[in-house]
Structures are given as C-alpha cells and as structure tokens.
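Let's take a friendly walk through a protein structure, looking at how some of its side chains meet. Keep the 3D view open and find each residue as it comes up.

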Amino acid sequence: MSLSRVLAFVLVIAPLAAQTPPAQPAAAAPPAVWTITADMSAPESAYYDAASKSVFVSSINGQIAEKDGNGYISRLSPDGKVVNAKWATGLNAPKGLRSVGGTLWVSDIDEVVGVEIASGRVTSRVAIEGARFLNDLATAPDGTIYVSDSQGFRIYAVKDGKASVFVEGEDAIETPNGVLVDGGRLIVGSLGRGVFGPPPTPGGRAGAADAPPPGRGRGGPPGGGGRLFAFDLKTRQRTVITPEPIGGIDGIEADGRGGYLVTDVFGSRILQVSSSGATRTILQLAAAGADFGYIGAERLAIVPYLFGNTVAAYDLTNALK
C-alpha cells in the first residue's frame, strides 16, 4: 500500500492526530470544473442542499477525534464560490452532512449537531451514548437521522432528540462508513472487515491500537474490502447489493439511474454501482477523495480531498451510463 493510502487510512477512519498533508500525487483525474483551496482545512464531507442551492463542506481543522472546538462548516455556491468560509463554527471534528426540514445535520465524534440553514446557528446537539467514531450521516423525510459509527460497528437512528441503535455488528455491516436514505431503504457502505479488530465487548474497547495493518485482518479483506448493503427502514432486513468487495466506501449518492455513485477512499476513485450490483470505475481521482456531494441535475461531483485541504468539482456527464 502506498504512503498516501496508509495516511488516508489513518486520517479517515482511525482516531489519531491529523498529519501534515503530503503533496498531491501525480494527477490522474480529468480537469476539475472548479477547485477551492482557501479556507479548507482537512475537508471531510461535501453536500449539496437543493432547497438553499448551497454546497456545504465540513472541515475538521485539527485532530479527527479530539473535542477542540476548531471544526467548522463552509458554505459555497454550486459554481465554486466561497459564500461564507466559516458559516457554522464551534464544532469539533465535523464529518458527514445532510439536511432535512431546513436544518443541516452533521456528525461530530459522539454527537449529531443541527444547524439552521437560514442563519448558520447551531440549534440542536444530540449526544449519542456509547458512540465511538461517528462518521457519515443520512436523513429521512420524516426527520429521522441515521449516522454510522465506524469504530462501534453500529448505525444509530436519531429521532426527536433521542438516539437508538438501528443495526449493529460487524457481521451485519462490517466497518460502516457511508450511509444514504433511498426511498424505504438505508444504503450502507463499508470500509471492509477487521479494520478496527474485533467488535467491542462489554467492558472492552475496540480502537485503533487493535487494528491490523492495512491490507491484513480477520474474516475477509479489510481496508478496501468494503461492500454496499441495503436495510429496509421498517423491518431492518438486509440486502447485499455488492456481493464482492469493491473498495473502502466513503460517500454514497444516488446516480439517478437506479444505482449509486460511491467514493472508494483507498482506491482514490468514484465508482458507479448498478441496481444489480455491477460496479465500474467512472473517475480516477488524483488522491483519496472522502465523502463527496453530488448535484444530480448538473452531473457534478464535489469531492473533498482531506489531505490536500482542497475541494474540487468534476463533471460526470460523459462518464455515466
């Protein structure tokens, strides 16, 4: 595994101190439609809110699991202009973003935080007892928030300020990262099995120190051996979308064709997954892209580069089928 991928492994999924970003490797990606580097500090997630016609980007701006108050969210225009570099502040290590009912929700270590889109004011904080490393976040039309705990092997559901476990266990969800509500299903993307070692046991703790080296582990290929699952929101019944491992899945978006677009953070690429589970690479990125945003009407993928302190947009029109 290359140095850049090892560093991506550390920063994206392990609760260790952020490292000084290395130089971007030689670019394999096509020219970006636009690129922003100013005011981006370890950007982890990008999200397009259609109602406000705004792109929101979460910046960790420090250590990825430390409650330092340095994290913030930037507000951009869809054409790549910075509207407000520090639109919402006072966060710790903000990651996944998604909106519902005029509120932008963000996962932040062990709580989900609600930000009023009209004002940028934090209006809600829901602490999740037992959460270890909250990562991506999705919202349902009824206001339910689903958030992945990559280190705790859980998906939590948050409704009316109360959190409960929606699904859990490494056998069910491997090491969960990306989540997306699609109709009556929750789509879950995994980073692979064995990334953090065995699941936590009563009185025990699974942590980065328990993790095998990237590319090795138990019960299947970790760190890049992730798959895509679907869970019925009512019955919680699981469907395996991709029987074979396809990568370290981070962001997930609907492709508008009945399938999904996902970022493979370890493979530095964007994949298209059909409804049947067939997978193909549609964009090879210059470096590890994290939780991307997508403007479907424009076929525009907005990719945060955690290491490069950069957010770039790519036109996928010619790549999609």
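**Rings, charges and a loop**

A search of the whole structure turns up 3 aromatic pairs. One of them joins phenylalanine 56 and tryptophan 87, whose ring centres lie 4.6 Å apart with 45 degrees between the planes, an arrangement called tilted. Keep in mind that you are looking at a predicted model. Where do these two rings sit along the chain? Phenylalanine 56 belongs to strand β3 (residues 54-59) and tryptophan 87 to strand β5 (residues 82-91), so the pair links distant parts of the chain, 31 residues apart. Phenylalanine 56 has a relative accessibility of 0%, so phenylalanine 56 counts as buried. Tryptophan 87 has a relative accessible area of 9%; because the limit for buried is under 20%, tryptophan 87 is buried too.

Now move on to tyrosine 146 and phenylalanine 166. Their ring centres are 5.3 Å apart and their planes stand at 75 degrees, which means that this pair is edge-to-face. Tyrosine 146 is in strand β11 (residues 145-149) and phenylalanine 166 is in strand β13 (residues 162-168), so the pair ties together parts 20 residues apart in sequence. Are these two residues buried or exposed? Both tyrosine 146 and phenylalanine 166 are buried. They also have company, since Tyr146, Phe166 and Phe231 make up one aromatic cluster.

A ring can also have a charge for a partner. The charged end of lysine 86 sits over the ring of tyrosine 72, at 5.0 Å from the ring's centre.

Next come pairs of charges. Side chains of opposite charge can pair when their charged atoms come close. In this structure, a search of the whole model finds 10 salt bridges. One of them is between lysine 159 and aspartate 142, at 3.9 Å from N to O. Lysine 159 is in strand β12 (residues 154-159), while aspartate 142 is in the loop between β10 (134-139) and β11, so this salt bridge ties together parts 17 residues apart in sequence. With a relative accessibility of 33%, lysine 159 counts as partly exposed.

Strand β12 appears again in another salt bridge, where the side chains of glutamate 168 and arginine 154 meet at 2.9 Å, N to O. Here glutamate 168 comes from strand β13 and arginine 154 from strand β12, so parts 14 residues apart in sequence are tied together. Glutamate 168 is partly exposed, at 44% relative accessibility.

Then look for arginine 193 and aspartate 171, which form a salt bridge of 3.2 Å, N to O. Arginine 193 lies in the loop between β15 (185-190) and β16 (228-232), and aspartate 171 lies in helix α2 (residues 170-173), so the pair ties together parts 22 residues apart in sequence. The two partners differ in accessibility: arginine 193 counts as buried at 16%, whereas aspartate 171 counts as exposed at 59%.

Our last stop is asparagine 92, in the loop between β5 and β6 (97-100). Its relative accessible area is 11%, so asparagine 92 is buried. Which residues does asparagine 92 contact, leaving aside its neighbours within four places in sequence? Among them are Ile60, Asp68, Gly69, Asp108 and Glu111. The C-alpha atoms of asparagine 92 and glycine 69 are separated by 4.4 Å, although these residues are 23 residues apart along the chain. As for aspartate 68, its backbone nitrogen lies 3.3 Å from a polar atom of the asparagine 92 side chain.

Technical notes. Residues are numbered from 1 along each chain as its sequence is written. This is a predicted model: local features need pLDDT of at least 70, side-chain atom pairs count only at pLDDT 80 or more; totals for chains, interfaces and linings use all residues. Side-chain values use heavy atoms; hydrogens and water are left out. Rings of Phe, Tyr and Trp (its six-membered ring) pair if their centres lie within 6.5 Å; planes under 30 degrees apart count as stacked, over 60 as edge-to-face and the rest as tilted. Helices (H or I, at least four residues) and strands (E, at least two) are DSSP runs, numbered from the N terminus. Buried means under 20% relative accessible area, exposed over 50%, partly exposed in between (1.4 Å probe, protein chains only). A charge sits over a ring if NZ of Lys or CZ of Arg is within 6 Å of the ring centre and within 35 degrees of the ring normal. A salt bridge is a side-chain nitrogen of Lys or Arg within 4 Å of a carboxyl oxygen of Asp or Glu. Contact means heavy atoms within 4.5 Å. A polar contact is a pair of N or O atoms within 3.5 Å; within protein, one must be able to donate a hydrogen and the other to accept it, and residues adjacent in sequence count only if both atoms are side-chain atoms.
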